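The following exercises are to be worked with the structure in view. Each task is followed by a solution in steps.

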Amino acid sequence: MPIRTRLTIWRTLATAAAAALLAALPAPAATARPAPPQSRPVHSYENAVREAVWVDTGYDGDGDGADDRVAVDIVRPREPARQGRKVPVIMDASPYYSCCGRGNESQKKTYDADGDVVGMPLHYDNYFVPRGYAFVGVDLAGTNRSDGCVDVGGRSDVQSAKAVVDWLNGRAKAYTSRTGGESARATWTNGKTGMIGKSWDGTIANGVAATGVEGLETIVPIAAISSWYDYYFSQGAPLYDSGPDWLSDYVNSPDARARCGAVQQRLVDGAPRSGDLTRLWSERDYVKAASKVRASVFLVHGMQDLNVRTQHVGPWWDALAKNGVDRKIWLSQTGHVDPFDFRRAEWVDTLHRWFDHELLGYDNGIDREPMADVERHPDQWETSSSWPPRTTAPTTLRPADGDRPGVGTLGLRPDRGTETFTDDPALSETDWAAHIDASTPEKAGFVTGPLTRDLRLSGASRVTVTARSSTPTAHLSAVLVDLGPDTVRDYAAEGEGITTLTDRTCWGPRTEGDSSCYLETAAKTTDVDHTVVSRGWADLGNHASRWQGRPLTPGKAYTMTLDLAATDHVVPAGHRLALIVAGTDRGLIDPPADTPTLTLDLARTSASVPFVGGADAFARATAGTAATAAAPTPLDGVTAPPRTPHRVPKGAR
């Protein structure tokens with residue numbers, strides 16, 4: 001199949017030809033509005049400066065008596081330095097440059113005989129260096145060519161990148177080799193830095209921004225973690241049967257594994273599988289330091305990301321808003337996928353304008369555009385001037401008994417009664433939703449009647465339950481489900497909502513060792529009868545404290561509130577909205593030590609859901625409909641999430 005290209009040089013020639021043609025035509029009667037300023041590909045990528053420095057982090061993470069040095073690979077345009085001009089920096093600090101690769105094609109760094117980078121993963125250098133930016137790829141401490149040890153979001157990880165920002169601004173030292181004494185200065189940059197990256201890389205951007213370091217102007221965290229506790233636990237419920245020590249070992253370089261035993265042990269000791277908050281987790285919570293953030297934030301996340309789940313979006317976004325941080329957000333229907341692979345052309349253009357505005361200071365209007373882009377259907381996007389929309393208000397929904405056990409109703413009026421279910425670790429949210437209209441022993445479901453008009457949820461929901469457990473341990477899941485036919489991205493399949501094609505498109509000039517051409521993708525879709533809108537999990541033993549669990553007294557009633565993930569979803573007219581309360585959500589949380597039967601007190605159970613238009617919108621959408629159970633016909637959904645003992649915040653599972 002022929003390769004389809006979109007080379008930058010072609011764009012440049014086409015633009016020049018068009019300009020020449022327009023110049024020959026008569027001037028229009030009215031003066032056209034000038035185009036917004038935009039950086040142009042005027043510098044040579046082939047002749048760009050490629051160099052490596054090792055930045056002193058000021059931190060001895062591996063305990064060898066010397067400060068760790070992290071490797072920094074640089075690609076920058078040659079012409080500005082010759083002209084006495086300085087350039088801003090786009091930085092991706094990552095643990096994956098040698099162990100695992102970056103992007104949909106798992107690219108790794110490659111080097112020439114002098115140790116200078118030849119192949120830099122991703123398109124950032126190809127696209128932005130000709131436009132007057134430097135691109136910097138940082139190996140986190142303990143990875144690739146850096147000293148130190150990976151500590152999974154802790155001081156070593158964050159300092160690896162922060163020290164580079166300091167060096168770019170003349171506040172830290174760097175050297176031309178890993179062990180030598182010849183210093184290197186960043187005389188070619190103005191110090192203005194933007195950090196970008198997906199997953200762990202974006203997490204480091206969050207962490208560095210939370211230090212308030214001067215010179216970091218903007219961050220673009222894609223599918224990124226905002227609190228490492230919430231990557232491994234949800235209100236005490238374990239999400240995987242592994243901890244940060246496994247992840248550190250996974251990405252550490254071979255020589256780091258040999259010298260980082262003490263760091264590994266600290267990760268084991270500081271992250272017990274009890275789910276209790278420890279000092280280790282508190283140090284890796286960037287949300288609580290949001291008041292220090294000076295950088296603007298362009299956040300991107302998949303609403304069906306089951307790796308770095310959207311629990312990481314709401315608290316971080318709200319904390320940034322509270323502290324007046326300039327923000328922009330894209331929310332897709334995908335799982336753990338980069339926007340380059342689900343909305344490529346629009347993403348490159350938007351990112352280009354974002355960096356031009358934030359790092360070059362161009363008044364291109366992107367700061368006056370809608371704050372949020374939300375994927376409403378595969379490849380169909382909707383914008384909002386603010387997010388969540390200003391008319392959004394939490395609405396308290398009440399579950400009630402229905403005609404059959406475990407098949408109840410959902411509305412605005414409180415009710416009395418109880419519902420009982422028994423934890424079945426073999427079943428998942430997709431199983432519960434498929435049998436929402438049937439009496440099954442493993443869940444309690446509550447459903448509205450068919451809506452008479454569209455109803456939009458925007459933001460994070462909370463579900464408060466009062467329950468009695470038959471055993472000393474019990475886990476809870478709360479799930480909001482849209483019941484009705486739809487075509488959605490197949491986020492639970494391989495690719496997590498995308499299919500990789502065979503054609504390539506190119507995003508900037510290329511060299512023999514660094515192509516700018518990447519495999520195209522398309523939306524991978526599936527037809528469903530129900531869509532999970534949002535989820536949350538908790539250990540009922542954490543009822544008195546979000547951060548510390550206690551054994552339950554069987555038969556005693558406990559009340560706790562589960563935080564569901566932030567989302568943005570429209571339940572169409574004719575569909576129903578369901579709340580499901582159950583135990584272990586297979587593939588997404590680990591089961592408790594016991595197999596409990598739980599009894600819900602419906603009078604003391606409720607859901608607070610953020611509807612655009614608030615309670616009035618819900619009342620109008622449900623007016624005149626009977627919230628009665630439909631015939632118990634199984635409803636199709638996406639494939640159940642696989643059981644994954646070790647997830648890596650990187651790419652597809």
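**Exercise 1. Describe the area buried between domain 1 and domain 2.**

Solution. The model is a predicted one. Begin with the bounds: the domain assignment places domain 1 at 49-328 and domain 2 at 392-507 + 516-622. Between these two domains an area of about 2700 Å² is buried, and carbon and sulfur atoms give 50% of that area. Next, ask which residues of domain 1 contribute: Glu 105, Gln 235 and Gln 304 supply 27% of the area that domain 1 buries against domain 2, more than any other three residues. Finally, count the participants: 29 residues of domain 1 are in contact with 34 residues of domain 2. The C-alpha centres of the two domains are 34 Å apart.

**Exercise 2. Identify the salt bridge across the interface of domain 1 and domain 2, and characterise the side that domain 1 contributes.**

Solution. The rule finds 1 salt bridge across this interface. To recognise such a pair, look for a side-chain nitrogen of Lys or Arg within 4 Å of a carboxyl oxygen of Asp or Glu. Arg 504 and Glu 105 satisfy this condition, since their closest N and O atoms are 3.0 Å apart. Polar contacts come next: 18 residue pairs across the interface are found, with both residues at pLDDT 80 or more. On the side of domain 1 that touches domain 2, the elements giving two or more residues are helix H3 (124-128), helix H6 (229-232) and strand S11 (237-238). The residues of that side comprise 11 nonpolar, 12 polar and 6 charged.

**Exercise 3. Trace the order of the 11 strands in the open sheet, and examine the pairing of S3 with S6.**

Solution. Read the order as S7-S1-S2-S6-S3-S8-S9-S12-S13-S14-S15, with mixed pairing. Strand S7 (174-175) and strand S15 (380-384) are the edge strands, each pairing on one side only. Now turn to strand S3 (residues 87-94) and strand S6 (residues 134-139): they run parallel and are joined by 6 bridges. Within this pairing, Ile 90 has Phe 135 in S6 as its bridge partner.

**Exercise 4. Determine which parts of the chain the salt bridge of Lys 109 links.**

Solution. A search of the whole structure yields 34 salt bridges. In one of them, Lys 109 pairs with Asp 73, with 2.7 Å between the closest N and O atoms. Lys 109 lies in the loop between S3 and strand S4 (110-111), whereas Asp 73 belongs to strand S2 (residues 69-76). The pair, 36 residues apart, thus links distant parts of the chain.

**Exercise 5. Locate Pro 388 and Leu 122, and state what is notable in the backbone at each.**

Solution. Recall that most residues other than glycine have a negative phi, and that most peptide bonds are trans. Trp 387 and Pro 388 are joined by a cis peptide bond, with omega about -10°. Pro 388 is placed in the loop between S15 and strand S16 (392-404). Leu 122 has a positive phi, near 70°, and is found in the loop between strand S5 (117-119) and H3.

Methods. Residues are numbered from 1 along each chain as its sequence is written. Side-chain values use heavy atoms; hydrogens and water are left out. Domain bounds come from an automatic or database domain assignment. Buried area is the accessible area (1.4 Å probe) that two parts lose on being put together, summed over both. A polar contact is a pair of N or O atoms within 3.5 Å; within protein, one must be able to donate a hydrogen and the other to accept it, and residues adjacent in sequence count only if both atoms are side-chain atoms. Helices (H or I, at least four residues) and strands (E, at least two) are DSSP runs, numbered from the N terminus. Ala, Val, Leu, Ile, Met, Phe, Trp, Tyr, Cys and Pro count as nonpolar, Asp, Glu, Lys and Arg as charged, and the others, Gly among them, as polar. Two strands pair if DSSP finds at least two bridges between them.
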